[in-house]
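Here is a friendly walk through one sheet and the helices that go with this chain. Take a look at the model first, and then read on.

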Amino acid sequence: MTSLLRLLTGRPPAAPRTISRETVAIVLANGQRVEVLRVRDPRARRIKLSVDERGPRLTLPLRASEIAGQRFVIEHGDWLLAQLARAGTDAPGLQPHRTETLPLRGTEVPLRWQDARYLRIQTGEDAIEIAAPETVALKSLQRALRDFYEGQARADVGRWLPRYLPGLPRAPARLRYRVMSSQWGSLAPDGALSLDLSLVLAPPAAFEYVLVHELCHLIHADHSRAFWREVEQRCPQWRLQREYFRDSGRALKARLRKLIAADE
């Protein structure tokens, strides 16, 4: 096809247009510096600014200049800062021997640091205790925190799951915890259940609702009225919990990503 095009037109085919991405720092009108993912997309027809749990994203059409994009961000600076606060992307990350609290089960739990030869994270009577060398690597600390959160999530589900199993046609084939971009849980056709790890940061009632929601898909694979009747039978306050995720879900996911530097 390429050779035929050259013969007919006498010109080489146009180079394919690809999407390019780069992170840039933009200073807003109030002097605050914000890092923005700038995306040049050949499919875009207008300049667009958006915010999700990964942070701000500026989409530019091919013909839009970088200066025009920067001006667009500055003009929408107040909106951007409000969205960053709502999404939780302005929350601090994990700082070795400096972070004072960590989110867990809907609250901010005090964090107690201890000097030790080996890294260990566990719950104490009134705090989360982190024993770590003074020079602990941030990546090692983030991996340990992820393991800690997964252990806490497994403990919660381990308490709740036996209550619901008698009313199900079968138990989940297996259970895993992932960092999900938009979903809170999913049930595969083979019965494998996945739950978003950030659920352990939410109030327990909200976490349990998601578990119930996915378990009910073992009965009905769709979101029919029959499905929601099964959910309501097991979780009468499911609407309240769903509203919680609509209001606070983005911030919850963003907080976890920032703490454990998740790239999934």
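## A sheet and its helices

In this predicted model, strand β5 (residues 101-104) is joined to strand β6 (residues 107-115) by 4 bridges, and the two run antiparallel. Together β5 and β6 make a hairpin with 2 residues between them. In that turn, Arg 105 has a positive phi of about 55 degrees.

On its other pairing, β6 meets strand β8 (residues 128-132) in the parallel sense, over 5 bridges. Some residue partners to look up along β6 are these:

| Residue | Opposite residue |
|---|---|
| Thr 101 | Pro 110 in β6 |
| Leu 102 | Val 109 in β6 |
| Arg 112 | Glu 129 in β8 |

How are the strands ordered in the sheet? The order is β5-β6-β8-β7, an open sheet of 4 strands with mixed pairing. Its edge strands are β5 and β7 (120-123), each of which pairs on one side only. On average, neighbouring strands of the sheet are turned by 30 degrees against each other, direction ignored.

Helix α4 (residues 138-164) lies across β5, β6, β7 and β8, and runs at about 30 degrees to β7.

Now for a pair of helices. The axes of α6 (residues 225-234) and α7 (residues 238-260) come within 9 Å and cross at roughly 100 degrees, so α6 is roughly perpendicular to α7. Trp 228, Val 231 and Glu 232 of α6 make the contact with Trp 238, Arg 239 and Arg 242 of α7. By character, the residues of this contact are 3 nonpolar and 3 charged, with no polar ones.

Key: Residues numbered from 1 in each chain as written. Predicted model: local features only at pLDDT ≥ 70, side-chain atom pairs only at ≥ 80, totals over all residues. Heavy atoms only, no water. Pairing = 2+ DSSP bridges. Axes fitted to C-alpha atoms, helices over the stretch in contact; angles between N-to-C directions. Parallel < 35°, antiparallel > 145°, perpendicular 65-115°, else oblique. Contact = heavy atoms within 4.5 Å. Nonpolar A, V, L, I, M, F, W, Y, C, P; charged D, E, K, R; others polar.
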